Structures are given as structure tokens and as C-alpha cells.
Amino acid sequence: MLIIFFKTAWRNLVRGRIYSVLNLLGLATGMAVALLIGLWVTYQLSYDRFVPGYEQAFQVRFNYSDNGVIRNQAGVSLPLGDALKKDIPEVAHVAPAFDIGRTMFVVQDKHIYGDAIFAGEDFLRVFPFPLVAGDAATALQGRTPSVVITESMAKSLFGTTDALNRTISLGNDNSPRKVTAVVRDLPRNSSFRFDFLVPFDEFAQNEWIKAATTNWNYAYFQLYVSLQPGADAVRAQAKASQLVKQYAPESYATFHRQPMFFPLKDWHLYSDFKDGQPKGGLIDYVRMFSIIGILVLLIACINFMNLSTARSVRRAREVGVRKVMGSLRGQLILQFLMESLLLTTLAFLLSLALVAVALPGFNALTGDAVRLPLESGWFWLAMLSFVLLTGLLAGSRPAFYLSAFQPVKVLKRAMRIGPAASLPRKLLVVLQFTCSIALIIGTMIIYQQIQYARNRPRGYDPNRVVVSRVHTDSYAAFTQEMLASGVVSGVTKSALAQTIVDARNTVDNWPGKLPNEPLSIAVNAVADSNYFRTLGIGFAGGNNFKGSDGADSTCVIINETAARRMRLKQPLNQYLEMSFSNTSHRLRIIGVVKDALTDNPFAAAQPAAFIYQPTWAWVLSVRLAPTVPTSIALAKVKTIYEKYNPGYSYDYFFLDQSYAAKFDTEVLIGRLAGIFAALAIGISCLGLFGLTAYMAEQRTKEIGIRKVLGASVNQVLILLSGDFILLVAISCLIAAPLAYYFLHQWLSGYYYRITINPLVFVMAGFAALVITALTVGFQSVKSALMNPVRSLRNE
């Protein structure tokens, strides 16, 4: 019987070729979009799960009180690690870390930059990454110079992965550093990005780090832990939350710092914290695109339902004959579902080909490594379920609708398809276009939000600013030669680039400070008086540094937000107290600069302070002259840099590109939303085109009679397209409030955001109506211009 059903289904598909092709293209496109989104969502959810025991790995972060608001920061203090080892039995391994970013390593005449991390000796136990060579238990032990490198870095340095016990140098330090392990290259779906791991104990010999090992206020380090097998993370965190209060009661009294355990499996998906808990981030977009994928697939299924039920008159006599010959309704339902599953299977095969073609471009757009896991049995099991569910969803209404025809009425041609029969079809068209128009509105709002933030006053000029690290002992001569070259208009040195907030300091006291009132402030150390001029940061009042250790080391420059936060109406020459270098410093405010964005371009400006500490500054910012071509200017800068930084090659990035990278997620989401919105409206129009063509075919004689009786072409056009345009207009009215509600919720997550303009809804609705008119217009015009003699000659 199934073979008979299959043959019948195939014949019906071949008989209605045009509508079968329309259904096939619509379903294939919808399934391809759903499959592509499903692969992307699965990829995002797979981040860091390749690490053995990832369920027990955590980053320890600090929750703290900031003017009554619970905030969260990644930086913690070093003594916390020792306290966790000592007092929390659930903790198995503890590893402090400090990210030192781009660092140059040397083997003979090879100078290669890579991302380096100072990592505690248990780092490779907390994160047991697969090793090509070496022992995870001992690779990062001891204070002797050593290094762990990745597989690809071993090939770059030595031409082979057999690098164990070979030696390399860090920077221009000629002391040998032995390779103690080689880590297999981490996959793209890893939150970690490093090329080198250097033992933290070696880093701890630095005087500043020695001071930090006992200072609970130095919250500048990352801390990772793994728990004992079967340990309860909630219980362990509850115990750890009291450690700061126990060991550093004074620090706790001000900031109420409490450690929290952030699981490895959530790092990639959750980057936003609210009330000390991870609440959002990429997971919001994963959920959003999951819904979009379902909606696009639903739109494609609606096409199938509408075209199948619209052609019900042609299948009515077939149903009647089959029932008279003894077919049961269940058998007819099975036959129609078989047709749906056959078409869905063909659409799935076509969708696989579409996804395979689209994946390289999709990965280039997203920067991911999504792939079709054709070798996985689980994938094919999921795809089988996907095809069955899609086939049943698309074929359910046609199957139950067509199988309900009464044979007597059908065979006597007494059956009439009235307005009531077309009502469900109209409702489905409205649902289709409601989803499509809502996606169009969402795409427009996302684009406007991105442009709004991009055009926000930054408070500085990142254009033509080149950032690198500097290692010269002759900084004054280096600066003079740079400026004398004619290709540079400004040179400065600081601890951090303007687009980076590495850590925050505590302001211990200021005029008018309330008891136990906390203030966390971003601090950057500068080495000269050129910083603000080079970066284009304006002064709201006061003076710049003079460029002298004696004159400037007891001074501080704050931004406008810091002055407001401390309620200083006349901040100049006021004193505030801050702790750094294990010492409390009383600093005089000599200037107030205008707010300049550093971290999140969608957030409010944060309190910031600038201190004069030349020994902390190793980030070089060079502003290229506006009249010199970039390539020429960079070549000259490179020559001067390598002259004064022997042993170091010039490794740099542009500040404007670093700032633009802060929009990467929103730009990606906007592009993907735009692509999927276009596909959704395309699939909807494909179905609309099929419905229009079929309606015109069914009403051929009616149109001929109307034209004979004097109907104009315009009247026929209105007759054929008016209903569809009305349905789309209704969809616009429904989509507008729905889109407004969800987009308002999305925008509320941004401090700096647009106000939704009603014009967006008008434009989206107008675009949908124009697209609809063009879609149905072609077939309507064709029918309206047909010679009525041809349509009536059989009468």
C-alpha cells in the first residue's frame, strides 16, 4: 500500500509541476534557513565543551556594590586563590592568571608575536587541554624560565611539533626559556585564545606582584578553579562568598566584594551581568535567531498549506472516487501526508545543497567555523526528525481538509468552495506577512541603533592613531625623532590603549565622601603631557601634566563623570586618596577632561582618572600626519621604532579598528537579521505568487465575462490583487505593535539607545505593500490583458 501511495504522490507532484516547483523552492529555502540557524545555534552552544571536565571548571569573579548597584568584574585579588585552597574543600585546583596580550618570542632569527598568558601551575589541570607533548602537572611549575606553546606556534618557530625541551626567548631577553609542553591547537569554539603560557610563579617575582599577593584591594588578576568530582558549585560559592569578609573586613566594608563562580560553559553565551548574576549576552541572540528559524520554516510550511488547499477543487473528484471505491478517510490522510513527506524529503535534499553552498560565505560573515556534520549519526537522526516534523506540519491541514470532502457532493459537482473555506488560508497569509514585516522592522531598528551609537560623540579621535608596545630606554629621543620625521603629528605613552579598560581602582576618600560610600574608577597611567593632545581629548577645566616626575606624581586628572560621581562642583585643587603600588596616595586634582568612551559604546561614560606614572606606561600611541599617505607614514614609523627598540619588530593595530570591533556583535546580528528577513519576505512572496497564479487560472472565465461586459483592465487588477493587498495591510497593523514590544525590550538593555520612530513602521509597511503589489501584479496584469474570446471559446 505504501508503494501505491508513493506512486500516486509522485504522479500528483509531476502533474502539477508549476505548483510543485513553487512548493519545493519555498520549503527548501525555509528548511535551509532553519538548518543553517540550527547549525549556528548548535555551534554557539558547543563553546568550550570540548574541554574534559568542563562542567567542573569555573572563573572566579567579584560581585561588588557600586553606589547601591551590584556589579560584577572579572578582576580579583591574588590572596583569594590561597583562601579558596585553604577553606573550600570542594575546590580541587586553583590557577591565577594575567593576560599580557601580544608578546614577541624569538628563536634565532625568527621574531613571532603571539598572545601570551601568565598562568598558575594548575592552569592545565583546571583546563586539561589535549597535549601533543609534555606533562600538564609539571609544565607550569617553578620559577625558572619556561614556556608552554601551542601546536601551530611550535610549527611556526621550529617547523615541527617536536618542540619539547627546545629553547626560545621572550622579547629581546636572550636568556633561554625551555618549552615544557605543547598544547594541541584549540578549536574555534573556544573562549581561550593564546599562543604561549608562561609560569605565573616566574611573573610573581616582580615587586608589584609580590605586593599584590597579600593585598585584597589589588583586584587585577584572573582566577580559575576546578571543583572536586560531584561537588556542588552553589554550595562552594556560598562558602566562598564570605572569604573577603573574613580575611579583609575593611575592604569588604566599603565594596561588599563577594566571589562568584562563573561556569566555563557559560562564558561565551553570557557577558552581561545583573545583580551579580549572568543574565544576558550572546544567549539573547541565540534565542532570537532560534525563533527566527522557526518562523521562516513556518512561513514556508504555510506556503505548502495554502497552495494545497487552494487547489482542492482539482483534487475533489479524486477524493470522491476513492471514497466511493472504499477508501477510508485515514487512508486518504495517509496518502496526502505521503505527498507532503515526499516533497519535504526532496526539499530537504535541496536545502542540504543550499546550506553546503552558503556555509563558506556564512562563516566568512560570522567568523565562525560552522560545518555540516554529515559523518554524525546523531545529525542524521535529527534531520530525520526535522523532515518528519516539517512534512507533518506542512501536510497536516491539506490532508485533513481534502480528506473531509463528501463524495456525493463532489461527484454531483454540487460542492461549492465559499468564503468560509478560504478564511483559514487568508489567516495563514496574514500570519506569514506579519512575521516577515516584523523581521523587516527589526532589521531597520537594529541598523538605526548601530548607526546611532557609531555617531555618538566619542570624546576623542581614534582615526589615524597607531598603537603598539614600546620597549625603548630612550623615550625622549625616540619621541623627538618621530615628531621630526614629518609623518607623525603626535606621540604618547600610557599603560593602556584608549579603547581598553583593564582594571579599576578604589577611590578611598574624597571631599564629601559618605561613610562606606564606594567608588570604583578606571585608571590609566601616562608617561608624558602629550596623551590628551595626541588622542584629541579636550579639557573641561584645569591643566595638563607638566611631564615631570616631581611635579606630576602627586597629581591626578579626572573626567567629568568622575567629578559628578564624587559631587565635586569645584573639583580643581581638591584631593582624593587612591591606593596603588601597595601604598595609599593623596592626589591633587589639577584638571578635568571631557568624557571619552573606552569600553562599551552603548553604555554611559564611566568614572576615569589619569595618573602620571612613566614606569607603568608601555603602550605607544602614534598619530599619523593627516597629509601623509598611511603606507608611507607606517614605513617611516617602523624604521624609527626598530632603531630605538632593538630586537623587536613593529607590531601594531589601528585604534579606530579597535573601536569599531566593539560593534562587531551588533553589526553581525543586523546583517543576519537583514538576510533572514529578506528570505522570509521572499518565501512569502513565492507563495503569494503561486496563489495569485492559481486564483487567476480558476477565475479565467469570470474575468472573460467581466471584460465582455465592459470591465476595464484596472478593475480586473483590483479584483485579483485587492484581497491580497488588504491581507498584507492587515499584517502591517498586527506586526507593528508586536515588533514595537519586542524591540523596546531589546533596546532597554542599552543605556545609549534610539527612540523608536513611528516612521519605521510606515516604511516597513509601505515596502511590504509595494513588494506584494509587484508580486501579484505580474500575474494580475497577465490575466487582465488576456483576450476574453480565448477564455470563453469553450462555452
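**A walk through the predicted model**

Just after helix α17, G486 takes a positive phi of about 85°. This structure is a predicted model, and α17 is a convenient place to start reading it.

Helix α17 spans residues 475-484, and Y475, F478, T479 and M482 are buried in it. Seen down the helix axis, these buried residues fall within an arc of 95°, so they line one face of α17. The general background is simple: an α-helix has 3.6 residues a turn, so residues three or four places apart point the same way. On the face of α17 turned away from the buried side, the exposed residues are A476, Q480 and A484. What lies over the buried residues of α17? The cover includes the strands β15 (488-494) and β23 (619-624), together with the helix α21 (630-644).

Helix α5, residues 151-158, can be read in a similar manner. Its buried residues are E151, M153, A154, L157 and F158. They sit on the same side of α5 because they cover an arc of only 160° around the axis. The residue that follows α5 is G159, and its phi is positive, near 80°.

From single helices we turn to the nonpolar interior. The largest nonpolar core has 137 residues, and F123, F127, F129 and F192 are those with the most contacts inside it. Which helix gives the most to this core? Helix α2, residues 17-45, does so, with 14 residues. A second core, separate from this one, has 28 residues, among them F105, A163, A204 and Y218.

F192 shows how the largest core is joined up around one residue. Setting aside its neighbours within four places in sequence, F192 is in contact with F123, F127 and F129, the other three residues named above for having the most contacts inside the core. The remaining contacts of F192 in that list are I117, L186, Y224 and W267.

The last topic is empty space inside the protein. Rolling a probe the size of a water molecule over the atoms shows where empty space is left. The count comes to three cavities of 30 Å³ or more, and the largest cavity has a volume of about 120 Å³. Which residues lie nearest the centre of the largest cavity? Of the 15 residues that line it, these are I500, V501, A522, N524 and T598. Strands β17 (520-526) and β22 (608-612) each supply at least two residues of this lining. By class, eleven of the lining residues are nonpolar, three are polar and one is charged.

Technical notes
Residues are numbered from 1 along each chain as its sequence is written. This is a predicted model: local features need pLDDT of at least 70, side-chain atom pairs count only at pLDDT 80 or more; totals for chains, interfaces and linings use all residues. Side-chain values use heavy atoms; hydrogens and water are left out. A nonpolar core is a set of buried Ala, Val, Leu, Ile, Met, Phe, Trp, Tyr and Cys residues joined through side-chain atoms within 4.5 Å. Buried means under 20% relative accessible area, exposed over 50%, partly exposed in between (1.4 Å probe, protein chains only). Helices (H or I, at least four residues) and strands (E, at least two) are DSSP runs, numbered from the N terminus. Contact means heavy atoms within 4.5 Å. The arc is that of the directions from the helix axis to the C-beta atoms. On a 1 Å grid over the protein atoms alone, a cavity is a set of points where a 1.4 Å probe fits but cannot get out, and a pocket is an open set with protein on both sides within 12 Å along at least five of seven lines; lining residues have an atom within 4 Å of a point. Grid points are joined across faces, edges and corners, and a volume is the space filled by probe spheres set on the points. Ala, Val, Leu, Ile, Met, Phe, Trp, Tyr, Cys and Pro count as nonpolar, Asp, Glu, Lys and Arg as charged, and the others, Gly among them, as polar.
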